[in-house]
Each structure stands twice: as C-alpha cells, then as structure tokens.
Amino acid sequence: MEEQKSTSKLRLLLLLFITCLTLSITVLVGSAGHLIYWVLFESFGRNDRRIKRKLVLTKDAQDDEYYAVIIGAGFSGIGIGIKLHEAGMNKYVILERLSYIGGTWYANQYPGCACDIPSNLYSFSFEPNPQWSYFYGQQQEIAEYLEYCADKYDLRRHIEFNTTVIRCDWLQERRIWRVTARLKNDQEKQFFCRVLISGNGPLSNGAYPTNISGIDKFQGRMCHTAEWDKSINFINKRVAVVGTGSSGVQVMPELHKMNVSKLYVFQRTPAWVIPRIDRSVHAWEKRLFTMFPIIQKFIRGTIYWMYESTALSFTYRLPIRHICQELINYNLMRQVKDKELRKKLTPSFDFGCKRVLVSNDWYPTLQKPNVSLVTSRIRYVTSSSIVTQDGNEYPVDIIVWSTGFQVHKIPFEIFGSNGVALSELWAETIQVRSPNISSNARWAQNGTTVAGSHEHGDASNQLNSPWGVFVDDDQTMVITDMWNHRIIQWKMGDTNGQVVAGGHGSGKQLDQLNRPFDVLIDKKTDSLVICDRDNRRVVRWSRLNVTTQGEILLDNIRCWGLAMDDHRYLYVSDDEKHEVRRYHMEDKNGILVAGGNGNGASLNQLNSPTYIFVDRQQTIYVSDNENHRVIKWEEGATEGTVVAGGQGEGAALTQLYYPQGLFVDTLGTLYVVDRKNNRVMRWSKEAKQGTIIVGGNGYGKASNQLNGPMDLSFDHYGNLYVVDTLNDRIQRFSIE
C-alpha cells in the first residue's frame with residue numbers, strides 16, 4: 001500500500017513537472033513572438049503614427065447623423081468609445097439601457113460574483129490597473145474599473161443612459177442605420193449612424209427554464225442570479241439553487257454562509273472544476289506596478305500565454321490536455337472522499353469540452369451536512385416545493401435560478417437589406433450541424449450507455465428497439481423508441497427519459513404514433529419532425545409548450561429517414577417507392593431528388609433507401625440499404641455516385657452489409673452504421689475502403705460491442721452516439 005502511494009506521488013510530481021515545462025515553453029515562445037511583432041510593427045514610433053490617424057465624417061453627412069452608434073456601455077462599448085476618441089472621432093453615441101456603466105459587471109450583483117480570469121488579463125491592455133485588490137477581480141471592483149476608464153477618457157458625455165434599443169433598420173436609400181430606442185419615460189427616440197456596433201454582451205439577461213411547469217405557481221421568494229433581489233432574507237430558510245454553471249458555483253457557497261437551514265443544489269450536468277489560485281494583492285506590489293508598468297505588462301503576457309497553451313491543447317488535442325485532466329481528477333478525489341458524490345460530480349465529457357469552472361469552496365460546501373446535491377432532472381414546481389423526475393419532492397422557501405443567460409437571443413430586432421430580419425436569417429442557417437472532426441480522430445472503443453439499458457421495457461429508464469437518434473446542441477438526445485411507439489427525450493447524465501411525443505400505444509390518433517423510425521429537430525419552430533412509419537405519415541410536434549398531439553405534415557408515404565437542409569427543406573426517404581423527395585414545409589407533393597426509377601442497382605436507382613444526410617450544398621447521401629452501399633446525389637443530378645460499399649454484402653473493409661444511419665462532416669468524411677457487421681465505419685472522401693471506428697467485435701452486450709445498430713449522431717464536440725437497437729440502449733463513444 002505504501003509503495004502504491006509512493007508511486008502515485010511520483011507520477012503526480014511527474015505530471016506537474018511536464019505541465020510546468022509545457023507552460024514555460026509556451027510563455028517563452030509566445031513572448032518571443034510578441035517581441036518580433038513589436039520590432040516589425042510598433043518600434044520606432046510606427047504604432048504612434050497609426051494611432052494618430054483620424055476618422056472624419058463624409059461631407060454628405062447630415063446634422064442628426066452619427067458616425068457610429070454603440071449599443072452597450074460594458075467592456076466592448078467603453079473600449080470602442082476610447083478607440084474612437086483616440087482616432088479623433090467625437091460624433092458617436094453609446095446607448096445604455098441601465099443607469100450605470102458596467103454592462104455585465106453592473107447587471108450581475110449576486111453574492112460571490114467575480115471573474116474567473118486573472119485581473120491583470122481581464123482589463124484593457126492600453127489601460128492597466130495597478131490597484132487591483134485581488135488576483136481575480138470581483139464584481140464591484142471590475143465595475144469601478146470601467147467607471148474609471150469612462151471618466152479618464154471623458155466618455156460620459158457620449159453615453160445615453162436608460163436608453164433601450166428596440167430595433168435597428170438599414171435605410172438603403174441613405175445608406176445609414178436607423179436605431180430606435182425606448183427612453184426611461186417610455187418615449188421613443190431615433191438615432192442615425194453610418195456604423196452600427198453591437199456591444200451588448202449576452203451575459204446580462206437571465207434565462208429561465210422553459211421546460212419546467214409550475215414556476216409561476218411557486219409562493220415563496222424567487223430570483224435569478226442575473227436579477228439579484230437584495231431584499232431576500234436567507235437566514236434559516238430552505239433554499240434551492242438550480243444550475244451549477246459559473247454563477248451557480250460562485251453563489252452557492254456564499255448562500256451557505258448566510259446560515260440557511262437547508263440548501264438543495266440541482267445539477268443537470270457536472271463540470272470540471274479547477275482550484276482558484278486567488279489572493280489579495282499586497283500594497284508593495286501595487287506600488288511596484290505603478291512605478292514600473294513594464295512588470296505588470298510582463299505578468300499579463302505570461303498569464304495570457306499560459307491560458308493560450310491550455311486553449312491550444314483543447315483545439316488540437318495535445319497531450320497536455322490529458323495531463324491537465326488527470327491533475328484535476330486528482331484534485332476531485334482529494335477533496336471529495338465520498339465515492340457516490342464524486343461520481344455525481346465527475347463529468348462524462350473530456351476536460352475542455354465545456355467551460356471549465358474555477359472555485360476553491362464548491363467541493364467543500366457540497367459536503368456540508370445541510371447541503372444536498374440533486375442530480376435527477378426537475379419535473380415541475382409546486383407552490384412550496386420542487387419535484388424531480390424520480391418522484392422525490394423537495395420543500396423549499398426560496399429558489400435561486402442560476403440557469404444561464406439568453407445568449408442565443410438577440411434582445412432587439414435588426415433588419416438589413418430588403419428588410420430581412422437577422423434573427424430569421426440566422427434561424428435558417430443552423431439546421432445542418434457538422435462538427436469539425438479531425439481526419440485522424442479516434443474514439444474510445446468502450447462505449448458508455450447514456451440512455452436505456454440491456455433490457456427492453458416501457459419504463460422511463462428503458463427503451464424497446466430504439467431506431468433513430470438526434471443529438472441537440474446541449475447533448476440532449478431525442479430518440480425514436482420504436483416498439484414503445486413514442487419519442488423520448490434524454491438529458492445527458494439523467495437515468496430516466498421524458499416522453500415528448502406519443503407514448504399512448506400504437507394507433508392513428510394525433511396523440512399516437514405507430515413504430516416511429518426517425519426524428520429531427522426543426523430549430524426555427526422548435527418542434528420535432530417525426531417519421532411515423534406504420535401510419536404512413538410525417539408529423540410535427542411542438543416543443544414550445546406541453547403538447548399533447550401532433551399535426552400531419554405528409555401522409556400516404558412509407559417514410560424511413562428524414563433530413564433538413566439550411567433552407568428548411570425537408571427530405572424524406574421512401575423505401576417502398578425507392579426514392580428520396582424534397583418538400584417545402586407547406587408542400588405535400590415535393591420533388592424527386594434521388595432514385596425514383598424503381599428498385600435496382602443502377603446509378604439512377606435505389607433499393608430500399610433508409611437513412612439520409614444532406615450537406616450545406618444540398619448534396620444528398622443515401623444509405624442504399626439492399627444495395628449495400630452509400631450513394632451520393634448532387635443537387636439536380638439524374639444519377640448518383642457510390643461513395644462507400646457497392647461491392648456486395650460482406651465484412652471486408654471495402655464492403656457494407658445493410659448500411660443504416662449516416663453522417664458527413666465538414667471534410668466530406670462519411671460515417672455510416674454497418675448494421676449486420678455490428679460496427680460503425682469511416683470512409684474518407686474518395687476512399688476505396690473504410691476503417692472501423694467502433695464495434696466490429698461481433699454482436700453482444702459488452703461495452704465494445706454492438707448488436708444490430710441502426711442510427712448514429714454526433715454532438716458538436718465530436719462524441720459519437722450509436723443506437724444499439726437490439727441491446728435497447730444508446731451508446732456514447734467519447735472522442736479522444
């Protein structure tokens with residue numbers, strides 16, 4: 001035992017040495033790069049000459065016209081204002097909806113609010129602050145720093161406070177922007193400008209859960225971390241903190257210090273947490289930074305390149321990433337002794353796949369006797385409690401929502417050329433999701449069951465011949481549970497799923513499904529599009545509300561696979577007519593885009609097409625099931641091109657045996673489920689044979705085996721999800 005401990009310590013020291021060595025090399029190389037850049041571009045007064053260049057308004061500018069309108073008086077708005085001031089441009093205005101400068105750092109005032117980036121880096125490079133009180137800046141001090149910058153550069157005269165932008169219109173005839181804002185007295189005012197700069201940060205508007213019912217019925221006190229209510233008294237109260245992101249990790253330990261009687265922490269997904277190496281800055285250090293600014297600048301550069309080396313390890317999957325993960329795992333094991341709690345706090349994804357949290361008191365506070373970590377998903381809220389999916393009820397007096405921000409929502413409408421709304425344009429370009437997967441990427445050979453189990457059934461933790469899967473941006477899985485005649489939604493880390501369509505037995509009623517085969521999410525309408533196979537129809541179920549039935553989009557079609565392109569055209573494969581058709585959402589007939597010449601093996605024919613994939617060029621990839629091949633049809637083509645298989649059924653690397661679910665990444669690499677060979681294969685562009693990436697070890701229930709797999713999907717990190725149909729489970733294979 002002592003020998004094992006000694007070996008473990010030696011290994012830990014070795015990992016620390018390699019980490020420090022890597023960081024040191026990165027700092028040296030980065031500093032050398034900075035020096036070269038300075039010699040080439042900034043030495044001998046060249047930077048000063050560039051700064052002295054002035055901006056002027058053109059002669060045709062009207063009196064009511066600004067050069068620029070800047071939305072938001074946070075870091076972005078203040079920084080841009082300073083640079084416009086330096087460039088000699090004074091005809092600009094900053095529109096701020098609040099009554100103070102600071103943006104995010106004024107809006108967020110919850111206890112413990114602080115930055116997770118060191119102060120010397122989280123500041124303007126041209127305006128270092130030698131008076132930081134802590135190594136990591138706290139909310140109030142960061143807000144005061146921004147106030148100081150605004151006053152030093154005389155920006156207040158350019159700021160319109162209590163002015164909320166509600167829409168921006170591009171006036172083509174004048175070639176300027178018209179910005180409409182609502183003032184404090186509810187009057188509207190218009191601003192005109194040549195340049196519109198959106199500096200409104202996304203981390204100030206709190207996002208409340210939309211899939212939890214009963215929030216409005218809660219009779220206790222409630223607030224969001226982004227809208228902190230300072231009047232709430234937490235002493236001797238039962239408090240629930242919902243969410244364990246950056247805000248939740250900061251606010252929860254502070255709430256515990258307020259002598260609460262019970263603290264429930266509701267966690268959806270655990271995150272990697274690293275120690276916060278924080279301390280107060282000594283007075284002599286402040287004097288040193290004031291007298292010798294170059295020292296503070298050097299420290300800033302060192303911190304920057306240390307962080308940059310970590311970021312590069314995530315992007316290029318360098319070995320240092322795995323070393324960092326081992327060190328962080330060690331920290332978790334050292335601080336959390338309870339194995340069950342440690343399991344709940346261990347993420348299922350690799351270090352760096354999501355935001356890394358920084359805290360010293362998160363783990364210790366979770367182990368306090370009056371603190372409970374709840375990992376079952378919230379089902380609904382009553383007048384005095386929270387009920388989770390596993391049926392447990394937690395009585396609470398106060399709910400603190402730490403559920404993030406409305407980062408995907410533009411808080412005002414922007415209309416560009418021809419009156420096109422930016423929100424609509426963006427909504428039409430997010431359907432085809434292709435993660436950037438390296439050409440030599442590898443996946444863990446042992447999969448993890450993330451939905452279902454080895455046994456089939458109709459309970460909420462079981463599946464019965466799952467057929468298709470769609471993985472959403474937050475790793476939520478939407479699964480066609482075929483023999484249960486339902487669509488079930490499964491959050492990552494949950495032990496139970498939630499029925500979101502069907503589930504009332506097989507039938508033709510609008511609240512029923514009959515052997516659903518495939519499903520996708522229509523982002524624009526936030527709805528599910530489902531291949532309701534044995535009802536010979538395609539149906540849509542809204543996700544916005546608690547929907548009890550669907551609506552028919554297409555009928556009299558023997559559908560199998562579904563796909564949707566960037567323009568929201570729906571593609572449906574019909575294995576009875578051996579064809580693929582493309583439909584506008586209001587069109588019932590569609591146009592033929594692949595096959596349609598009877599079943600056969602010619603290049604203009606298909607034989608029982610199943611799953612399909614459409615890329616950004618509207619090229620269609622079809623699993624031509626009984627021809628044991630994947631065939632690609634360019635837009636407008638009358639025949640396809642075989643891109644995988646086509647050598648008859650078999651197990652050779654040049655063959656496929658009843659191919660099913662497929663996916664094509666941004667490099668044109670094809671990933672396909674080889675059903676009868678119980679494997680998933682990768683075929684590089686124009687390759688003559690494929691490679692096995694998971695499975696291929698015979699059929700079975702082991703973690704490295706598959707049994708009759710049907711479909712696959714990737715999340716945006718590149719992790720692979722396989723529908724292991726005959727094992728009644730979804731397997732996740734982590735990318736390495």
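Helices and strands are named here as DSSP runs, at least four residues for a helix and at least two for a strand, and numbered from the N terminus. With these labels in hand, Arg276 can be placed in the loop between strand E12 (273-274) and helix H7 (283-291). The model is a predicted one, and Arg276 offers a convenient way into it. Although Arg276 sits in a loop, it counts as buried, because its relative accessible area is 13% and the limit for burial is under 20%. Leaving aside neighbours within four places in sequence, Arg276 touches Ala114, Cys115, Asp116 and Tyr136, and also Gln250, Val358, Ser359 and Asn360.

One of these contacts, Gln250, leads on to helix H6, which spans residues 246-256. This helix is mostly covered, with ten of its eleven residues buried. Gln250 belongs to the buried set, together with Ser246, Ser247, Gly248, Val249, Val251, Met252, Pro253, Leu255 and His256. Glu254, by comparison, is partly exposed at 24% relative accessibility. Glu254 forms a salt bridge with Lys257, and the closest N and O atoms of this pair are 3.2 Å apart. The partner, Lys257, counts as exposed, with a relative accessibility of 55%.

At the level of the whole chain, the protein is divided into domain 1 (63-198), domain 2 (205-401) and domain 3 (448-733). A distance of 47 Å separates the C-alpha centres of domain 1 and domain 3.

Attention turns next to an open sheet of seven strands, arranged in the order E5-E2-E1-E8-E7-E6-E19 with mixed pairing. Strand E5 (159-160) and strand E19 (413-415) form its edges, each pairing on one side only. Within the sheet, strand E1 (residues 65-71) and strand E8 (residues 188-198) run parallel and are joined by six bridges. A handy landmark for this pairing is Tyr66, whose bridge partner in E8 is Cys193. Helix H3 (residues 75-86) lies across E1, strand E2 (92-95), E5 and E8, and runs at about 150° to E1.

Charged pairs deserve a look of their own, as the structure holds 34 salt bridges. Among them is the pair of Arg178 and Asp169, with the closest N and O atoms 3.7 Å apart. The two partners fall into separate accessibility classes: Asp169 is buried, with a relative accessible area of 8%, whereas Arg178 is partly exposed at 25%.

Another salt bridge brings together the side chains of Asp526 and Arg543, at 3.2 Å from N to O. This pair links distant parts of the chain, its members being 17 residues apart. Asp526 lies in the loop between strand E25 (516-522) and strand E26 (527-532), while Arg543 lies in the loop between strand E27 (537-542) and strand E28 (551-555). Asp526 is partly exposed, with a relative accessibility of 26%, and Arg543 is likewise partly exposed at 26%. The pair is also part of a wider arrangement, in which salt bridges that share partners join Asp472, Lys523, Asp526 and Arg543 into one network.

How values were computed:
Residues are numbered from 1 along each chain as its sequence is written. This is a predicted model: local features need pLDDT of at least 70, side-chain atom pairs count only at pLDDT 80 or more; totals for chains, interfaces and linings use all residues. Side-chain values use heavy atoms; hydrogens and water are left out. Buried means under 20% relative accessible area, exposed over 50%, partly exposed in between (1.4 Å probe, protein chains only). Two strands pair if DSSP finds at least two bridges between them. Contact means heavy atoms within 4.5 Å. Axes are lines fitted to C-alpha atoms, for helices over the stretch in contact, and angles run from 0 to 180 degrees between N-to-C directions. Domain bounds come from an automatic or database domain assignment. A salt bridge is a side-chain nitrogen of Lys or Arg within 4 Å of a carboxyl oxygen of Asp or Glu.
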